[in-house]
Amino acid sequence: MRITPCLLFLSAACAAAAADPSGRIERHPGFPSANVPAREVDVWLPPGYDGRPADRFPVIYMTDGQNILDPSTAFGGSSWEIDKAMERMVASGRTRGAIVVGVWNPGDGAGRMAEYMPRKAAPTGDLKDVSNIFDQPSRAIISDQFLRFLVGELKPFVDRTYRTRPEAAHTFVMGSSMGGLISAYAVAEYPGVFGAAACLSTHWSAGDGSVITYLDGHLPDPATHRFYFDHGTETLDAHYAPFQARMDEVMRAHGYREGVSFVSRVFPGAEHSEKSWRARAQIPLAFLLQAPAEAAAPGAGR
């Protein structure tokens, strides 16, 4: 894996780097924002990107960016290996590739939750009132500011720096746990920007399901938008089944067709970890990119 550090406004020089048949990462350190603290942003370019100058690519924005590509920065030293998953899909002809933008979280648990908890699903706007993982100090939820950063600052930079397909139909967001919540929230709040979300092990229990209630009143048109949901059955994921069943009913009530405009899967034995998300990453990637879904590993559920 090759990581190229890029000066924020000199990325044209990075784009001239030699083509890498395995794909490559460009890292934008200290990406500035008027809405949230500056952070690292990794941009993974698919195999052959440099050798196909006429091609433009869909974009997947992923939360917890330090966990998705590089084991040396990932939580517990175990990454999602999204690059390897995408490379396998490209090599097998299941997709022509996509640009993946890994947006790092602030690096502390409370800061991450403050950015990822949907503000409009939190009546008081205070993190301590919606957290049920561990006690949180009083802290303002800033997910609306995070989405303004994503939509108004980062996406315009990515679209002018890389050969993207900028339309909502080709712009997706993906994350796990609290990252699943903010991914669903992003599509609901900005349906003209994001066309689909992949939400793995979504932490619906935050706020005792208040995000489900919010989505019940804010889901976009199922004719133009899609959602992927899943969860395991072990560790923290063991608590999600009743919440996900409720969310599935909301999707159906709003005209979403299971297997078409939304997917909801259960993976028996899977836990709440990067290792588990890595094992099934190609399934939500295929859904987002509208490739035929890869068969789940033995023992996977519906």
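**Figure 1. A look into the largest nonpolar core of this predicted model.** This core takes in 59 residues. Who are the best-connected members? V101, L154 and F227 touch the most other members. Let's zoom in on L154. Setting aside neighbours within four places in sequence, L154 is in contact with F31, V41, Y61, V101, V103 and F149. In soluble globular proteins, nonpolar side chains tend to be buried together.

**Figure 2. Another core, separate from the one above.** This second core has 30 residues. Among them are M89, A198, V263 and F267.

**Figure 3. Helices α3 and α5 packed against each other.** Two packed helices are described by the angle between their axes and the distance between the axes. Here, α3 covers residues 109–116 and α5 covers residues 178–189. Their axes sit 9 Å apart, at an angle of about 25°. Angles under 35 degrees count as roughly parallel, so α3 is roughly parallel to α5. As for handedness, the crossing of α3 and α5 is left-handed.

**Figure 4. Closer still: the residues where α3 meets α5.** On the α3 side, the contact is made by R112, M113, E115 and Y116. From α5 come M178, G179, L181 and I182. What kinds of residues are these? Sorted by class, the contact of α3 with α5 has five nonpolar, one polar and two charged residues.

**Figure 5. D208, a loop residue with a positive phi.** Phi of D208 is near 55°, and this is a residue other than glycine. You'll find D208 in the loop that runs between strand β7 (196–200) and helix α6 (210–216). Is D208 buried or exposed? The relative accessible area of D208 is 61%, and the exposed class is anything over 50%, so D208 counts as exposed.

**Figure 6. T235, again with a positive phi.** For T235, also a residue other than glycine, phi is near 50°. T235 has its place in the loop between β8 (226–232) and α7 (241–253). With a relative accessibility of 49%, T235 counts as partly exposed.

**Figure 7. Stepping back to the protein these close-ups come from.** The secondary structure comes to nine helices and nine strands. How much of the protein is buried? Of its 302 residues, 57% count as buried. Then there is the matter of who touches whom along the chain. Taking contacts with a separation of 6 or more, 72% are between residues 24 or more positions apart.

Technical notes:
Residues are numbered from 1 along each chain as its sequence is written. This is a predicted model: local features need pLDDT of at least 70, side-chain atom pairs count only at pLDDT 80 or more; totals for chains, interfaces and linings use all residues. Side-chain values use heavy atoms; hydrogens and water are left out. A nonpolar core is a set of buried Ala, Val, Leu, Ile, Met, Phe, Trp, Tyr and Cys residues joined through side-chain atoms within 4.5 Å. Buried means under 20% relative accessible area, exposed over 50%, partly exposed in between (1.4 Å probe, protein chains only). Contact means heavy atoms within 4.5 Å. Helices (H or I, at least four residues) and strands (E, at least two) are DSSP runs, numbered from the N terminus. Axes are lines fitted to C-alpha atoms, for helices over the stretch in contact, and angles run from 0 to 180 degrees between N-to-C directions. Angles under 35 degrees count as roughly parallel, over 145 as roughly antiparallel, 65 to 115 as roughly perpendicular and the rest as oblique. A crossing is left-handed if the near helix is turned anticlockwise from the far one by less than a right angle, and right-handed if clockwise. Ala, Val, Leu, Ile, Met, Phe, Trp, Tyr, Cys and Pro count as nonpolar, Asp, Glu, Lys and Arg as charged, and the others, Gly among them, as polar.
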